[in-house]
Amino acid sequence: MERVKRMKMESSVVGFQYCFNQEGQLRHRETQEAFVFNYHQGEYKRNHQRYQALGQVITEHIYRLLEGECHLQRVYIPLDAKENEPKSLFFMSPGALDNPKGLVVLIQDQGVIRAGQWSRKLIVHSGLEQGSQIPFIKKALGDSCGVIVMNPNDNFLEVKVKEEYRTDLQNASTNCPSPTDPEGKEFFRIPKRCSSTPEEHVRYIWDHFVSKCEARHVAVIAHGYGGLVFVDLLLQRRQEVQSKIYAAAFIDSLHNMWHQVLDKKTQEWIQRHCRKWVLSSRPIDRPVTFVKVDCPQVSAGTQSHESAPWICLQSVFRFFTRALKAKNKVPFSRAVIVTRSKSKQGLTRAAFGGFSPY
């Protein structure tokens with residue numbers, strides 16, 4: 001697999017100078033040492049501030065990689081935002097909505113990570129190849145598909161204000177909590193319209209972009225909380241989602257169809273068109289079953305939530321290829337009976353919508 005090309009990361013943050021080397025590993029410019037969180041012994045707040053600053057630099061660096069290396073474009077939302085209004089953004093490949101070959105949509109987990117990232121922790125400690133979404137994006141582009149990289153955690157504009165303005169700003173804003181930075185200075189979160197929650201962000205992009213695309217084959221890759229957000233979209237836009245999307249890959253997803261109430265037809269759609277990679281010590285793609293199964297489940301080949309997307313990359317795209325062939329040739333089987341077999345696969349094709357995971 002082609003490795004992510006490396007761009008030196010220029011940092012203006014006082015206290016550290018880091019860049020990605022040719023192997024995509026984060027190293028100190030002068031000492032070539034890996035990043036260490038507990039840099040200032042016994043000073044958690046100072047170390048946390050340093051880590052947050054590094055995270056912001058990594059976010060901007062990956063944004064530049066998405067544009068410069070993957071040739072994606074920034075799209076700001078909402079589309080009718082005023083000049084000074086806080087805006088969210090996501091990334092899209094040129095011509096993605098008109099691409100007849102298909103469209104791949106990426107939805108990451110919750111937290112501090114932004115577009116282009118699966119795990120900040122993995123990026124810091126293992127490198128861009130394993131922690132970023134770039135290998136997935138390149139794979140999709142290499143298959144001549146369009147790409148949309150969502151940014152569901154970009155929900156607020158954080159603003160530090162002087163003491164005399166705090167009350168007015170708090171009254172003007174929502175009831176969102178006002179965090180305190182490591183130095184003890186208070187700042188306020190101003191919600192970004194149409195993107196104040198991950199669910200709202202994904203729904204807006206669906207309504208204004210994905211639902212309008214000409215691609216007949218749309219696939220989704222959702223990690224962690226991203227899976228819950230996708231199922232929420234399915235609840236809100238049942239007919240549109242089911243008619244557009246031919247396959248959805250859930251990687252250690254937090255969705256729960258038993259809590260996110262779904263009608264019988266939607267449950268059947270999930271059973272036919274989705275697959276879940278669950279954390280397991282078993283080799284990747286080995287069948288994994290539980291008492292309640294919402295869709296076919298296989299091992300992610302790891303027990304690490306952060307590492308699961310990278311390890312599952314090839315498996316996910318094999319699933320898309322087989323799902324597309326099944327859509328174009330033979331309807332998916334609705335059989336979900338799991339049977340033991342003496343064969344190497346150890347599970348009948350019936351449990352996997354009519355095709356084998358191998």
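Start with α6 and α7, which are oblique to each other. Keep in mind as you click around that this is a predicted model. Select both helices and look along their axes: they come within 9 Å and cross at roughly 55°. An angle of that kind falls outside the ranges for roughly parallel, roughly antiparallel and roughly perpendicular, so the pair counts as oblique. The crossing of α6 and α7 is right-handed.

Now show side chains at this crossing. From α6, pick Pro198, Glu199, Val202, Arg203 and Trp206; from α7, pick Tyr225, Leu228, Val229, Asp232, Leu233 and Gln236, which they meet. Colour that set by class and you get seven nonpolar, one polar and three charged residues.

Stay with Val202, Trp206 and Leu233, since they lead to the next stop. These three are among the residues that line the largest cavity. To see the rest of the lining, add Val105, Ile107, Met150, Val210, Val218, Val220, Phe230 and Ile245. Which elements give two or more residues to this lining? They are β5 (103-107), α6 (198-208), β9 (218-223) and α7 (225-236). So what does the wall look like by class? Eleven residues are nonpolar, with no polar and no charged ones. The volume of this largest cavity is about 40 Å³, and the structure holds two cavities of 30 Å³ or more.

Next, move to another helix pair: select 134-142 for α4 and 308-328 for α10. How do their axes cross? They come within 10 Å, at roughly 15°. That angle makes α4 roughly parallel to α10, because anything under 35 degrees counts that way. Here too the crossing is right-handed.

For the contact itself, show Pro135, Phe136, Lys139 and Ala140 in α4, then Pro309, Trp310, Leu313, Gln314 and Phe317 in α10. By class, this contact has seven nonpolar residues, one polar and one charged.

Two backbone stops are left. Most residues other than glycine have a negative phi, and most peptide bonds are trans. With that as background, zoom in on Ile77 and Pro78, where the peptide bond joining them is cis, with omega at about 0°. To place Pro78, look in the loop between β3 (73-77) and β4 (88-92).

Finally, go to Gln32, in the loop between β2 (26-28) and α1 (44-68). Is its phi positive or negative? Phi of Gln32 is near 65°, a positive value in a residue other than glycine.

Terms used. Residues numbered from 1 in each chain as written. Predicted model: local features only at pLDDT ≥ 70, side-chain atom pairs only at ≥ 80, totals over all residues. Heavy atoms only, no water. 1 Å grid on protein atoms, 1.4 Å probe; cavity = no way out; pocket = protein on both sides within 12 Å on 5 of 7 lines; lining within 4 Å. Points joined across faces, edges and corners; volume = space filled by probe spheres on them. Helix = DSSP H or I, 4+ residues; strand = E, 2+ residues; numbered from the N terminus. Nonpolar A, V, L, I, M, F, W, Y, C, P; charged D, E, K, R; others polar. Axes fitted to C-alpha atoms, helices over the stretch in contact; angles between N-to-C directions. Parallel < 35°, antiparallel > 145°, perpendicular 65-115°, else oblique. Left-handed = near helix turned anticlockwise from the far one by under 90°. Contact = heavy atoms within 4.5 Å.
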